Amino acid sequence: MPNYITAMGRSVFSGCTGLTTITLSNGITELESDTFTNCNSLKIVNLPDDLTTSKWSLESCFDHCENLEEINISDNNDMYSSIDGVLYNKTKEQLVSLPAKLTIYNVPESVKELSAYTFVNNVRLEEINISNGNNNFSSEDGVLFSKDKSKLIRFPCGKDVTEYS
């Protein structure tokens, strides 16, 4: 990728079904929403050190990337971080994007915020587990709740059950 590019327009790679890995060059600071939408073969994305784009754009950046396994970003990035291919804000308090191919997600104790959009593309997700030290969320049988369990936050779409009560 040419090193003079500083931004990626909306849907720039959308529908590129042959891409399996993409590494964005340092100097790219902005990704618009839907940048990689419908890149069905995409497995690994490596984001640049300089990326400063909004969390909202990154939440919708990987829509319908059904085989996405990892979203990686350098430790040198000032706004974002990744653990095991899952993208967070720098402090790891906000989950930004979860790869669609995950079947089990273990929420770190540092996570305080999940957007409503977080799990939209995760149709294979069977289980969401919460670290014991997390003060904001809880889980039971792989289902995500508020800490006091008064609010059901997410039932994993890939959970192999025919009814839930």
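What does the secondary structure of the chain come to, in helices and strands? This is a predicted model, and its chain has 1 helix and 14 strands.

**The chain as a whole**

Let's start with the overall dimensions. The C-alpha trace spans about 55 × 30 × 20 Å along its principal axes. The radius of gyration is 16 Å, which agrees with the value near 15 Å that a compact globule of 165 residues would have. Of those 165 residues, 42% count as buried. If you look at contacts with a separation of 6 or more, residues 24 or more positions apart account for 39% of them.

On the outside, the chain exposes about 8,300 Å², with carbon and sulfur atoms supplying 45% of that area. As for charge, there are 13 positive and 23 negative side chains, and the centres of the two sets lie 3 Å apart.

**Salt bridges**

How many salt bridges does a search of the whole structure find? The search turns up 4 salt bridges. Here are some of them, with the distance between the closest N and O atoms.

| Pair | Closest N and O atoms |
|---|---|
| Arg 10 and Asp 34 | 2.9 Å |
| Glu 93 and Lys 112 | 3.6 Å |
| Lys 149 and Glu 140 | 3.1 Å |

Take the salt bridge between Arg 10 and Asp 34, with its closest N and O atoms 2.9 Å apart. This pair links distant parts of the chain, 24 residues apart. Arg 10 sits in the loop between β1 (7–8) and β2 (21–23), while Asp 34 belongs to the loop between β3 (30–31) and β4 (44–47). Are the two partners buried or exposed? Arg 10 counts as exposed because its relative accessibility is 53%, whereas Asp 34, at 14%, counts as buried.

Now for Glu 93 and Lys 112, whose closest N and O atoms are 3.6 Å apart. Glu 93 is in the loop between β7 (86–89) and β8 (94–97) and Lys 112 is in the loop between β9 (104–107) and β10 (113–114), so their salt bridge ties together parts that are 19 residues apart in sequence. Glu 93 is partly exposed, with a relative accessible area of 30%, and Lys 112 is partly exposed at 49%.

The pair of Lys 149 and Glu 140 has its closest N and O atoms 3.1 Å apart. Lys 149 is partly exposed, at 39% relative accessible area, and Glu 140 is partly exposed too, at 40%.

**The loop between α1 and β5**

Two residues of this loop are worth a look. Asp 63 lies between α1 (55–59) and β5 (70–73), and Cys 61 has its place in the loop between α1 and β5 as well.

Which side chain of opposite charge is nearest to Asp 63? That would be Arg 10, 7.8 Å away; Asp 63 is buried yet has no salt bridge. Setting aside residues up to four places away in sequence, Asp 63 touches Asp 34, Phe 36, Thr 37, Asn 38, Tyr 117 and Asn 121. Asp 34 in that list is the residue that forms a salt bridge with Arg 10.

Cys 61 is buried, with a relative accessible area of 0%. Beyond its neighbours within four places in sequence, Cys 61 is in contact with Leu 31, Glu 32, Asp 34, Thr 35, Phe 36 and Thr 37. Thr 37 is 24 residues from Cys 61 in sequence, but in space the two are 6.4 Å apart, C-alpha to C-alpha.

Key:
Residues are numbered from 1 along each chain as its sequence is written. This is a predicted model: local features need pLDDT of at least 70, side-chain atom pairs count only at pLDDT 80 or more; totals for chains, interfaces and linings use all residues. Side-chain values use heavy atoms; hydrogens and water are left out. Helices (H or I, at least four residues) and strands (E, at least two) are DSSP runs, numbered from the N terminus. The radius of gyration is taken over C-alpha atoms; the globule rule is 2.2 Å times the number of residues to the power 0.38. Buried means under 20% relative accessible area, exposed over 50%, partly exposed in between (1.4 Å probe, protein chains only). Contact means heavy atoms within 4.5 Å. Accessible areas come from the Shrake-Rupley method with a 1.4 Å probe; for residues, only the protein chains shown count as cover. Lys and Arg count as positive and Asp and Glu as negative; His and the chain ends are not counted. The place of a charge is taken as NZ of Lys, CZ of Arg, CG of Asp or CD of Glu.
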